[in-house]
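Colleague: Could you take a close look at the cysteines for me, and then place them in the setting of the whole protein?

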Amino acid sequence: MTKKELRKIYRGKRDQLSPADLNRMHDLLLINFQQYPMGVSEFILSFQPITERKEFNTHLLIDYLLFRIPTLRVAYPVIDDLTNTFQAIEVDEETEYQLNHYGISEPLHGQVIDAYEIDAVFIPLLAFDNSGYRVGYGKGYYDRYLENCRPDVLKIGFSYFEPVSAIDDINEYDVPLNVCITPNRLYEF
């Protein structure tokens, strides 16, 4: 199937999830994430979940990691629509946020972090395949950002659903994940 077809299917599947389904899946995703030997990370780029889209609550992961690694630095994207890119902005407990026009909560201010400093990136997705390629929302922000990261940056996705066999229209700009975690298991690519 194509990315467009998969987007439609997996948005529909998400829409059917009840609050109880989501809570159960969030717990299972966190448990499976805790089993992954991530190694030492100093800087993580996460994403702010959009509740209306029923995205995975990455705050659970960040809270867990900050408990394990108190010196961990965390950043969130701030989108630039003119260039269809984003910058990673470091946050702390004092950071203020505002919603952008996509409904994504972005830091109002903070230090811009060079992509090369990031050790791991949590990447939003709707679906993924057996090779680690993902279907996002179609703007390509993360693929463009990852081009500027170190080759060894850890790319982690989280999915409520198991992988499809293949995405038919992968191209040279698509960057595969290293890991995708589902409620049932952890996939490494």
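Modeller: Let us start with the cysteines and then step back to the protein around them. This is a predicted model, in which local features need pLDDT of at least 70 and side-chain atom pairs count only at pLDDT 80 or more, while totals for chains, interfaces and linings use all residues. Residues are numbered from 1 along each chain as its sequence is written, and side-chain values use heavy atoms, with hydrogens and water left out.

A disulfide is a pair of cysteine sulfur atoms within 2.5 Å, and by this rule the count is 0. Why does Cys149 have no bond to Cys180? The closest cysteine sulfur to that of Cys149 belongs to Cys180 and is 18 Å away, which is too far for a bond. Cys180, likewise, is in no disulfide.

Are these cysteines buried or exposed? Buried means under 20% relative accessible area, exposed over 50%, and partly exposed in between, using a 1.4 Å probe and protein chains only. Cys149 is buried, at 7%, and Cys180 is buried too, at 0%.

Now for the setting. Buried residues make up 50% of the 189 residues in the protein. Counting contacts (heavy atoms within 4.5 Å) with a separation of 6 or more, 66% join residues 24 or more positions apart. Along the principal axes, the C-alpha atoms fill a box of roughly 40 × 35 × 30 Å.
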